[in-house]
Amino acid sequence: MQRIVGSNDDGAWRSVHAHAMNPRLLQRVAISSLIALMLLAIAHAWPSSPGMSWGTALAVVKILLLAVMLMHIRRADVYAMQWSSMLILLFVAEGVARAMSDPQPSAALGGIEAVVAGIFFFAVLAYLRPLKNAARESKL
């Protein structure tokens with residue numbers, strides 16, 4: 001029986017990902033997109049930087065949330081990848097809402113946020129798919 005949850009150095013882990021995309025590449029894409037989302041949160045809050053406004057407070061909360069996600073994604077924590085793939089959809093929705101309703105340059109940053117969050121979503125799903133298939137096959 002293969003061990004599904006483990007590190008990237010586990011032999012069973014590599015055998016599960018044998019026919020999929022490179023899992024390390026997918027993990028790096030996910031990490032890079034989280035870092036980009038942190039930078040975008042700073043860029044959204046930058047114009048309102050004098051004093052502590054609601055935009056700045058929201059950016060701080062978003063950056064802390066993304067930092068927690070980043071910590072778990074770096075460890076290749078499968079459970080964290082599952083919940084983060086659902087949580088990132090809030091960032092996609094926020095980016096789309098900003099792109100449709102905010103004035104420039106916030107609208108452009110919102111569009112970029114939606115795209116980058118979508119990249120994270122699909123990278124994590126591609127990473128998890130072989131693991132889910134192996135788990136499903138082991139139950140049969």
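**Notebook: a buried lysine and its surroundings**

I began at K62, which is buried, with a relative accessible area of 8%. The model I am reading is a predicted one. I wished to know which partners the side chain of K62 meets.

**Entry 1. The partners of K62**

I looked up E94 and found that K62 forms a salt bridge with it, with the closest N and O atoms 2.9 Å apart. K62 belongs to helix 3 (residues 54-74) and E94 to helix 4 (residues 78-101), so this pair ties together parts that lie 32 residues apart in sequence. I noted E94 as buried, at 17% relative accessibility.

I then turned to E113, whose side chain meets that of K62 in a salt bridge at 3.5 Å, N to O. E113 sits in helix 5 (residues 106-139) and K62 in helix 3, so that distant parts of the chain, 51 residues apart, are linked by the pair. I recorded both E113 and K62 as buried.

A general remark belongs here: side chains of opposite charge can pair when their charged atoms come close.

**Entry 2. The wider network**

How many salt bridges are there by this rule? The count comes to four. I looked up one that does not include K62: D102 forms a salt bridge with R98, and their closest N and O atoms are 3.6 Å apart. R98 counts as buried because its relative accessibility, 19%, is under the 20% cut-off. D102 counts as partly exposed, at 26%.

I then asked which residues are linked in a network of salt bridges. The members are K62, E94, R98, D102 and E113.

**Entry 3. The overall fold**

I stepped back to the whole protein. Its secondary structure comes to five helices and zero strands, and the order of elements from the N terminus on is α-α-α-α-α. The protein has 140 residues, of which 41% count as buried. Among contacts with a separation of 6 or more, 66% are between residues 24 or more positions apart.

As an example of residues far apart in sequence, I chose R24 and Y127, which are separated by 103 residues in sequence but by 8.8 Å in space, C-alpha to C-alpha. R24 lies in helix 2 and counts as partly exposed, at 34% relative accessibility.

**Entry 4. The nonpolar core**

Which residues touch the most other members of the largest nonpolar core? I found L34, I88 and F120, in a core of 25 residues. Helix 2 (23-45), helix 3, helix 4 and helix 5 are the elements that give two or more residues to this core. Helix 5 gives the most, with nine residues.

I followed F120 in detail. Leaving aside residues up to four places away in sequence, F120 touches A30, S33, L34, M69, I73, S84, S85 and I88. Two of the names on this list, L34 and I88, were already in my note on the residues that touch the most other core members.

**Entry 5. Helix 5 along its length**

I examined the span of helix 5. The helix has 34 residues and reaches 48 Å from its first C-alpha to its last, close to the 50 Å expected at 1.5 Å a residue. Where does helix 5 bend? The bend is at L128 and amounts to about 30°, and a proline, P130, follows within four residues.

I also searched for aromatic pairs, and the count by this rule comes to one. The ring centres of F121 and F122 are 5.3 Å apart and the planes stand at 75°, so I entered the pair as edge-to-face. Is each ring's residue buried or exposed? F121 is buried, with a relative accessible area of 14%, whereas F122 is exposed, at 57%.

**Entry 6. Two loops**

Finally I checked the backbone in two loops. In the loop between helix 3 and helix 4 I found A76. The phi of A76 is near 60°, a positive value in a residue other than glycine. I noted A76 as buried, at 4% relative accessibility.

The loop between helix 4 and helix 5 holds P105. Which form does the peptide bond from Q104 to P105 take, cis or trans? I recorded that bond as cis, with omega near 0°.

How values were computed. Residues are numbered from 1 along each chain as its sequence is written. This is a predicted model: local features need pLDDT of at least 70, side-chain atom pairs count only at pLDDT 80 or more; totals for chains, interfaces and linings use all residues. Side-chain values use heavy atoms; hydrogens and water are left out. Buried means under 20% relative accessible area, exposed over 50%, partly exposed in between (1.4 Å probe, protein chains only). A nonpolar core is a set of buried Ala, Val, Leu, Ile, Met, Phe, Trp, Tyr and Cys residues joined through side-chain atoms within 4.5 Å. Contact means heavy atoms within 4.5 Å. The expected span of a helix is 1.5 Å times one less than its number of residues. The bend at a residue is the angle between axes fitted to the seven residues ending there and the seven starting there. Rings of Phe, Tyr and Trp (its six-membered ring) pair if their centres lie within 6.5 Å; planes under 30 degrees apart count as stacked, over 60 as edge-to-face and the rest as tilted.
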